[in-house]
Amino acid sequence: MFCHQCEETVKGTGCTIKGVCGKEDEIAAYQDVLVYLCKGVSVRNLAAMEQGNGNPDAGLFVAEALFATLTNVNFDKSRFTMLITKAIKIRDALPESGSDEPDACTWKSQGESDILAKAPSVGILSTADEDVRSLRSTLLFGLKGISAYYTHAAVLGKTDAEITTFIQKGLASMLKDLPVPEMIGLVMECGKTGVSVLALLDEANTSAYGKPEITSVKTTVAKRPGVLITGHDLKDLEMLLEQSRDAGVDVYTHGEMLPAHAYPAFRKYPHLVGNYGSSWWHQKEEFEQFNGPVLFTTNCLVPPKDTYKARLFTTGLTGYPGVLHVEAGPGGRKDFSKIIAFAKTCQPPTPLPGSRNDLITGCGHDAVLALADKVVAAVKSGDIKRFLVMAGCDGRQKEREYYTEFAKALPNDTVILTAGCAKYRYNGLGLGTIGGIPRVIDAGQCNDCYSLVVIAQALAKAFGVGINELPVSYNIAWYEQKAVLVLLALLSLGVKDITLGPKLPGFVSPAVLDVLVKQFDLKPNTTVQADMARMLKA
Ligand code: FSO
Ligand code: SF4
């Protein structure tokens, strides 16, 4: 296997024996072959669309397939077998794209040995040139981010053919020998499409569930047994809350589900009682103590311990061998009755240390722009000197303590703008408020990064300056491919001088890094003191 798509990749270069995430060699092979087949589907479908006879459902299929290959989403071979079979079926139902089709358009598998034999010749290392490989990987991982966000929007009924066409265009491009400037152009277009997909998802979430309101969430536990829901899928949360109404159980959010408490549509459920635990990598300890069932809707799934594996359930694109998967039925309806019935047989959750009643979330663009006058006045009076965008992911290495230390060391006249699970490094520090404005503005999930863009654009307009002239510094933490896409989206908006950590992506070659540094002034993080001095002076 060779995988270098996430920040935890071995030695910062690539996982070759087994993923740090727990991905086995075999699953990596299935994922590589699935991505390859999606390239074949894309070539045929793009050609068919030009003739007016494309398959309008192929774009969503490709997005779902790429989402399944994201870090920590699916470890279940049987699910990848189904996706591979479906990819071949969709591809073969499309007309041939020409007489000299690439192998991805025609290759077929007779079973596991074919898949395992094929993988090395179609995976990342099948591109020999280091810089071409780097650009293809950057594009592929950005496309995986788009695919995840697109799938979420589509679940809520918001679709956009331009976005799925771009996913297919990007995939198809990897089968061609393109000149480097054209590849760089596609990476930039990926960032631009990233802004569009984030806007689409924002529209999907807010039209379905209302505009998030600044909300204080309890992390203490109640007395009844509970169901814990984790991941990012709000539709799953809605179905779970509806089906568990009056069932005698409570529902808790975990990890990236925390911001759900801020939506008006979810606040009406009294049995949505709080948030249990913190970011994804703490799940082994936290799920053990939760005592009840845990529903995974999306990443980040960590291979479970036997102590709680029987209490895990997956849905959507997540999967793990031996864990019960809840499939969507007609109209996308999911039956969570087994999970709810199981919860009733469980003990209530054990309280976790450091529980509190006041974890603030829900600072989406509408809520923050409602405070715009206050924010602008605080900047003008000097009460707020600088905003630090500290969005992105959390992760398990010790070096991520940098982000907690950075937040602690920030002067009192600074405000953190965050989204994603990175927030768990500092949202419990009690950093207080400035004239009623929270010092940690949590816009929500990584899926809600669009809010940060809207807030930055509104500030730029209010002060009549460009986005790079604002008193805003970017200190982003990345882990997986959605964060890659958010970074590309920021670059496509012209944001410069982004600090990225805890280390730079292993898939970026020295020559590609040189372009990023020269064009965008991208930098790796260093020490809290040095980075803070630089950002506060900026
Ligand atoms: Fe975190 Fe995981 Fe939301 Fe990521 S839970 S790390 S960017 O997959 O999705 O922020
Ligand atoms: Fe390694 Fe990350 Fe790939 Fe997992 S997702 S195999 S940890 S690079």
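Reader: How do the residues lining the second largest pocket divide by class?

Author: They divide into seven nonpolar, ten polar and five charged residues; Ala, Val, Leu, Ile, Met, Phe, Trp, Tyr, Cys and Pro count as nonpolar, Asp, Glu, Lys and Arg as charged, and the others, Gly among them, as polar. In this predicted model, local features need pLDDT of at least 70 and side-chain atom pairs pLDDT 80 or more, whereas totals for chains, interfaces and linings use all residues. Residues are numbered from 1 along each chain as its sequence is written, chains are lettered from A and ligands numbered from 1 in the order written, and side-chain values use heavy atoms, without hydrogens and water.

Reader: Why is a space called a pocket or a cavity?

Author: On a 1 Å grid over the protein atoms alone, a cavity is a set of points where a 1.4 Å probe fits but cannot get out, whereas a pocket is an open set with protein on both sides within 12 Å along at least five of seven lines. Lining residues have an atom within 4 Å of a point; the second largest pocket has 22, with Ser 278, His 282, Pro 353, Tyr 424 and Asn 427 nearest its centre.

Reader: What makes the pair between His 232 and ligand 1 a polar contact?

Author: Such a contact needs a pair of N or O atoms within 3.5 Å. An N or O atom in the side chain of His 232 is 2.8 Å from an oxygen atom of ligand 1, so the pair qualifies. For Glu 256 the distance is 3.0 Å, and for a polar side-chain atom of Glu 480 2.3 Å.

Conventions
A polar contact is a pair of N or O atoms within 3.5 Å; within protein, one must be able to donate a hydrogen and the other to accept it, and residues adjacent in sequence count only if both atoms are side-chain atoms.
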